[in-house]
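Me: I'm new to this one, so could you walk me through it with some questions and answers? Show me the structure before we start.

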Amino acid sequence: MYTKVCQIDCIACGLCQLKAPELFDYDPQGIAFCKLDHNQGTVEIPTAQYTNFKAAYQKCPTGAIKRQNTPFTE
Ligand code: F3S
């Protein structure tokens with residue numbers, strides 16, 4: 001599974017980093033990005049992080065966290 005944050009939709013609420021600190025961090029404006037690959041969505045989420053990822057994905061209030069089974073291409 002792959003993930004990236006739609007930074008236009010992120011409102012800097014902070015929940016994803018709280019739920020999955022290994023996967024998400026914030027830029028200086030507080031907008032989230034995926035730490036695995038500088039938000040490219042091309043590095044697979046480690047299976048050990050799936051539970052945390054799911055919590056972040058479900059809690060994001062704007063749906064800014066995207067996920068798919070194949071690497072993102074854009
Ligand atoms: Fe942004 Fe959603 Fe995280 S609004 S800070 S991507 S939980």
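Reply: Sure, one definition to begin: on a 1 Å grid over the protein atoms alone, a cavity is a set of points where a 1.4 Å probe fits but cannot get out, and lining residues have an atom within 4 Å of a point. Keep in mind that this is a predicted model, where local features need pLDDT of at least 70, side-chain atom pairs count only at pLDDT 80 or more, and totals for chains, interfaces and linings use all residues. Residues are numbered from 1 along each chain as its sequence is written, and side-chain values use heavy atoms, leaving out hydrogens and water.

Me: Which cavity does the ligand take up?
Reply: A molecule sits in a cavity if more than half of its atoms lie within 2 Å of its grid points. Here the space taken by the ligand is the largest cavity.

Me: How much space lies in the largest cavity?
Reply: The count of cavities of 30 Å³ or more comes to one. A volume is the space filled by probe spheres set on the points, with grid points joined across faces, edges and corners. For the largest cavity that gives about 100 Å³.

Me: How many charged residues are in the shell around the ligand?
Reply: Ala, Val, Leu, Ile, Met, Phe, Trp, Tyr, Cys and Pro count as nonpolar, Asp, Glu, Lys and Arg as charged, and the others, Gly among them, as polar. The shell around the ligand has twelve nonpolar residues, two polar ones and, for charged, none.

Me: Which residues come nearest to the ligand?
Reply: A residue is near a molecule if one of its heavy atoms lies within 4 Å of it. There are 14 residues around the ligand, and those that come nearest are Cys-10, Ile-11, Gly-14, Cys-16 and Cys-60.

Me: Is Cys-16 buried or exposed?
Reply: Buried means under 20% relative accessible area, exposed over 50%, and partly exposed in between (1.4 Å probe, protein chains only). Cys-16 has a relative accessible area of 9%, so Cys-16 is buried.

Me: How many disulfides are there?
Reply: A disulfide is a pair of cysteine sulfur atoms within 2.5 Å. By this rule the count is zero.

Me: Where is Ala-12?
Reply: Ala-12 has a positive phi of about 60 degrees although it is not a glycine. Helices (H or I, at least four residues) and strands (E, at least two) are DSSP runs, numbered from the N terminus. Ala-12 is in the loop between β1 (2–5) and α1 (15–19).

Note on methods
1 Å grid on protein atoms, 1.4 Å probe; cavity = no way out; pocket = protein on both sides within 12 Å on 5 of 7 lines; lining within 4 Å.
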